[in-house]
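Here is a small set of exercises to work through with the coordinates open beside you. Try each task yourself before reading its solution.

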Amino acid sequence: MDSGSYQELIFKLKKYWSDRDCIIQEPYDLEVGAGTMCPETFLRVLGPKPYRVAYVQPSRRPADGRYGENPHRLYKHMQLQVVLKPSPDDVIDQYLGSLGAIGIDLRQHDIKFEEDNWESPTLGAWGVGWQVMLDGLEITQFTYFQQCGGIDLDLVPAELTYGLERIAAFLQVKDSVYDIEWGGGATYRDVRFEDELQNSVYNFELADVATLWKLFDLHEGEAARLLNQYRKLTASLNPAEPRPTESGPSDAEKQRFPLLPTYEHVLKCSHLFNTLDSRGAISVTERVAVIGRVRNLAVGLAGAWVDQHGVVAAEAVG
Amino acid sequence: MSLPFLLEIGTEEIPDWMIPPALENLRELFLDLLAKNGVGQGVTVRIDATPRRLLLHADRIPERQNDAEELVSGPPKAAPQNAVAGFARKLGIAAEQLEVRATSKGEYYTYLKKIAGRPSLDILAETLPDLVLKIYFPKAMYWTGKNGPRFIRPIRWIVALLGSDVVPFEIAGVKSGNVTSGHRILGAARIKVTVEKYEQQLQDAVVILSASERRKKIEQEVRTVRLKPDPGLLDTLVYLTEYPTAIQGSFDPEFLKLPAEVLITVMRHHQKYFSVEDGHGKLAPKFVAVMNTNADPEGLVRRGHERVLRARFNDAKFFWETDQRKKLEDRVADLAHVTFQAKLGSYLEKAERMVALVKELHGDHAAIRAAKLSKCDLTTELVKEFTELQGVVGGLYAHEQGEPEEVWQAIYDHYKPVSMEDSIPRNPAGELVSLADKLDTLRGCFRIGMIPTGSRDPFALRRAAQGVVKILVEGELRLPFRKLLGGDTRLEEFVLDRIRYYFKDVRNFPYDEVNAVLAGGWDDVVDAAERLVAIHDVRPTENFGPLAASFKRIQNILKQAHFAGDGSQIDAALLEPGPEKDLYEEFERVRGLVANQPYRPALESIASLRPKVDLFFDKVLVNAPDARIRQNRLTLLHRLLAEFSSIADFSEIVTNT
């Protein structure tokens with residue numbers, strides 16, 4: 001078996017999907033709990049436009065931090081996220097091909113697709129699919145999206161989420177992710193240990209709850225303000241009137257409206273919620289309510305984005 | 001002439017547990033389709049499946065429907081010529097071809113229409129797409145785009161053959177044909193098949209079509225190993241593989257220091273491995289995994305599974321050790337952060353309500369202590385990781401932390417019974433804590449209107465109520481059931497249903513005996529069980545059946561007379577000597593006996609009334625002309641019925657007489 005470095009593994013997967021007409025994006029530059037939350041997935045799966053993209057996304061789960069002591073559990077792990085919209089008929093064969101491309105000879109291994117459906121209450125999103133098990137190790141989440149932001153999807157995308165550390169540990173036969181050879185003579189520990197330790201200390205011990213709440217409220221307020229403004233803009237367009245042949249200034253205003261920055265504030269809320277949760281700072285009654293607040297924003301944003309892209313599509317045709 | 005038929009729906013991997021019910025459903029739908037089209041006579045249907053294919057095979061499908069005739073009636077003989085011509089035109093025939101026939105309503109123009117039978121191939125081609133999409137799955141998906149067809153997973157190929165002909169149709173853009181697909185890794189991707197050789201052709205492509213063959217193969221391969229029996233896991237693995245092969249692995253015996261419950265859960269629920277026992281029935285440091293491939297010559301797969309298990313066990317060990325740093329006692333306050341149900345508050349509140357309930361049920365110190373600590377394990381890392389071990393983990397920690405046996409066992413058992421096959425908690429404290437937990441859930445959910453409807457029962461209230469019944473009956477706890485339910489009549493009705501289910505379907509008592517006994521009351525369900533056993537025992541004796549019939553007769557007489565008892569006593573002076581007086585005296589004698597007898601002899605005593613009751617009905621006219629005598633006789637009968645009604649309502653017993 002090929003036991004290249006961690007970074008080589010990433011190169012090979014990117015190359016594989018690049019060869020299959022995927023855009024190779026770079027990681028999103030905000031804290032997210034999963035690659036799904038990046039606009040490249042969450043927003044691009046909406047609407048009727050086909051899209052194929054792959055990217056590595058560092059994903060933060062504050063509650064999973066273990067001060068760098070647990071050999072498998074990480075505050076921040078890396079996913080290779082592939083979104084194929086619409087999903088091709090041979091999507092599973094393409095996926096299995098990617099395992100071959102990273103040096104796994106499937107004829108010598110045990111591969112199973114075990115039911116595992118995905119649901120994100122904060123994103124109003126769900127799908128059905130599997131966890132892919134390789135010799136008993138879960139290496140990929142495979143999901144056919146059905147709904148996102150509370151909206152039924154026009155085209156059903158396949159989302160493949162590779163757990164990169166696990167796959168690397170499997171390929172390199174390591175019992176701890178920290179022993180993975182990253183590349184350039186460095187181990188995963190050399191690159192990431194301090195990050196794990198210090199973020200664990202921050203999340204579990206030093207994060208100031210009052211400050212986090214204040215930040216949450218600020219981001220929520222900003223996202224809500226912008227969403228409202230977009231809604232007002234939409235209302236002023238008066239959808240009862242037939243669209244003029246040449247789009248007026250309102251359409252242009254819609255098109256340039258900063259929904260993507262609005263979404264970034266929603267993502268901030270989501271991450272702050274996770275941090276507060278890991279800190280044990282969210283009480284019973286609050287929990288459901290706070291999830292509801294984030295969900296409202298995410299769902300509202302998804303609706304607005306679909307609306308905005310209706311305009312974009314009309315522009316493209318006109 | 002008849003033909004064999006084969007339908008293979010090729011899909012991506014279907015969740016294992018959905019496959020058997022889906023197959024049954026497919027069979028029913030198909031038989032129904034054949035019957036509706038008159039081509040189902042003598043057809044035998046076989047179904048089978050792997051995760052990637054649902055298969056239906058049928059023998060002796062007639063090549064076409066039988067020709068049929070239909071008599072079409074038109075206008076009466078007296079109708080004007082143009083009406084007759086119109087009728088003929090509508091049928092596309094000449095008026096001369098019509099025939100006048102006499103019917104009960106008079107003479108009419110008719111035509112015997114010949115309907116040619118259609119080829120089965122056409123019928124199947126037309127109806128199969130709907131049939132396939134009608135197969136029920138608990139959670140379907142769409143994949144071709146919004147408003148597209150829904151199925152459990154995408155359909156990727158369809159084989160539909162009637163004899164050697166393809167039955168042509170299309171579902172979700174997939175055209176039926178004669179090409180199947182082999183094992184994902186080891187088989188060919190496209191294989192042309194025939195009805196006759198299909199199964200062998202799959203075998204050649206490293207797919208074992210038959211679920212029972214796959215099961216046999218696994219059983220055969222593990223026959224030399226002493227496995228912890230686990231039929232549920234075996235079912236899962238049979239439907240998770242197209243070509244199962246069992247392999248044995250081992251783990252560091254050092255891990256055996258962790259509780260067996262934890263190790264088994266990791267192996268079973270998280271890795272789908274069988275646990276292995278040593279010669280003494282204790283857990284051995286080994287496991288059996290079932291691969292979805294044919295061999296592991298170099299032990300690569302075994303080492304992979306071992307590595308994953310080692311990591312999992314290390315996690316569990318870490319959690320076990322971390323959790324020990326904070327005692328259960330010190331976790332009580334943390335329960336305020338764990339939601340039970342949004343409207344019913346946190347687990348802290350639930351635990352407090354449970355403690356109050358246990359006190360109300362006169363629980364001792366151990367029971368109260370156990371109730372207080374019972375939910376604390378929800379805050380432990382181990383339970384967050386292995387939720388199915390809730391209760392068990394709390395019990396194990398309580399044991400480690402020096403809680404008395406009565407207490408730790410009660411915590412350990414308090415989710416029991418988790419099914420009707422499961423046992424009830426092993427000690428009295430456990431019984432009370434389990435009761436308090438379930439009763440609190442039932443009362444709370446009913447109060448906020450979360451009442452199960454149809455198949456929707458998100459809080460598993462049926463199971464909770466069933467558990468309560470089982471604990472009360474099998475733990476012989478004589479507690480006032482109605483009071484425990486907090487006076488909620490809907491909940492009482494719900495629970496009565498569960499009591500009925502328990503006696504009927506779990507204990508297998510005949511339904512009429514159950515109805516008879518429950519009509520006599522169920523507030524003390526232990527007592528109800530005793531009455532039921534007694535009735536069941538006495539029922540085959542010679543007098544019981546006829547007496548039950550007589551009671552039904554009495555009930556009918558009273559109903560017809562609109563007599564529900566007027567509170568008056570039997571006037572002995574009005575009783576006619578002979579059968580009436582005899583019955584009265586016998587009734588008084590039996591009444592005296594029954595008052596001091598256990599149920600079984602009491603029922604025998606009651607049954608011994610039969611000759612006197614029979615004689616009474618033979619010789620005495622209840623509906624006597626004298627109103628006072630009539631009234632007195634009705635009163636006698638009413639007393640007879642009412643006196644023993646707290647044991648059972650005998651008129652519910654179904655008799656042949």
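The exercises below concern a predicted model, and each one comes with a worked solution.

**Exercise 1. Describe the overall build of chain A: its secondary structure, its extent and its burial.**

Step 1. Begin with the elements: chain A has 9 helices and 11 strands.

Step 2. Turn to the extent. Along the principal axes, the C-alpha trace of chain A spans about 65 × 50 × 35 Å.

Step 3. Compare with a globule. A compact globule of 318 residues would have a radius of gyration near 20 Å, and the 21 Å of chain A agrees with that.

Step 4. Look at burial and contact range. In chain A, 44% of the 318 residues are buried. Of the contacts in chain A between residues at least 6 apart in sequence, 71% join residues at least 24 apart.

**Exercise 2. Find out which elements of chain B supply the side that touches chain A.**

Step 1. Count the participants: 35 residues from chain B and 36 residues from chain A take part in the contact.

Step 2. List the elements of chain B that give two or more residues to this side: they are β7 (141–142), β17 (283–291), α8 (300–323) and β19 (345–346).

Step 3. Pick out the main contributor. The largest share, 11 residues, belongs to α8(B).

Step 4. Sort the side of chain B by class, which gives 16 nonpolar, 11 polar and 8 charged residues.

**Exercise 3. Locate the residues that touch the most other members of the largest nonpolar core.**

Step 1. This core holds 242 residues, and those touching the most other members are A:L301, B:V358, B:A367, B:A370, B:A371 and B:V433.

Step 2. Ask which helix gives the largest share: helix α14 of chain B (residues 428–447), with 9 residues.

Step 3. Follow one of these residues. Setting aside residues up to four places away in sequence, B:V433 touches B:M354, B:V358, B:A367, B:A370, B:A371, B:S374, B:A410 and B:H414.

**Exercise 4. Work out the strand order of the open sheet of 3 strands that contains β17(B).**

Step 1. The order is β15-β17-β16 in chain B, with antiparallel pairing.

Step 2. Identify the edges: β15 (245–250) and β16 (274–277) of chain B each pair on one side only.

Step 3. Check the geometry. Direction ignored, neighbouring strands of this sheet are turned by 35° against each other on average.

Step 4. Examine one pairing in detail. The antiparallel strands β15(B) and β17(B) are joined by 6 bridges, and B:G249 has B:F287 in β17(B) as its bridge partner.

**Exercise 5. Decide whether B:V100 is buried or exposed, and trace the strands around it.**

Step 1. Place the residue: B:V100 belongs to strand β5 of chain B (residues 99–103).

Step 2. Apply the cut-off. B:V100 has 12 other C-beta atoms within 10 Å, and a residue with 12 or fewer counts as exposed, so B:V100 is exposed.

Step 3. Look at its surroundings. Beyond neighbours within four places in sequence, B:V100 is in contact with B:K77, B:E107, B:Y108 and B:Y109. From B:V100 to B:T110 the C-alpha distance is 5.9 Å, although they are 10 residues apart in sequence.

Step 4. Connect the strands. β5(B) and β6(B) form a hairpin with 2 residues between them; they run antiparallel, joined by 5 bridges, and B:T103 stands opposite B:G106.

Step 5. Extend to the next strand. Strand β4 of chain B (residues 68–76) runs antiparallel to β6(B), with 7 bridges, one partnership being B:A68 with B:I115. Strand β6 (residues 106–115) of chain B is hardly covered, with 1 buried residue among its 10.

Conventions:
Residues are numbered from 1 along each chain as its sequence is written. Chains are lettered from A and ligands numbered from 1 in the order in which they are written. This is a predicted model: local features need pLDDT of at least 70, side-chain atom pairs count only at pLDDT 80 or more; totals for chains, interfaces and linings use all residues. Helices (H or I, at least four residues) and strands (E, at least two) are DSSP runs, numbered from the N terminus. Ala, Val, Leu, Ile, Met, Phe, Trp, Tyr, Cys and Pro count as nonpolar, Asp, Glu, Lys and Arg as charged, and the others, Gly among them, as polar. A nonpolar core is a set of buried Ala, Val, Leu, Ile, Met, Phe, Trp, Tyr and Cys residues joined through C-beta atoms within 7 Å. A residue is buried if 20 or more other C-beta atoms lie within 10 Å of its own, exposed if 12 or fewer, and partly exposed in between; C-beta atoms are placed from the backbone. Two residues are in contact if their C-beta atoms, placed from the backbone, lie within 7 Å. The radius of gyration is taken over C-alpha atoms; the globule rule is 2.2 Å times the number of residues to the power 0.38. Two strands pair if DSSP finds at least two bridges between them. Axes are lines fitted to C-alpha atoms, for helices over the stretch in contact, and angles run from 0 to 180 degrees between N-to-C directions.
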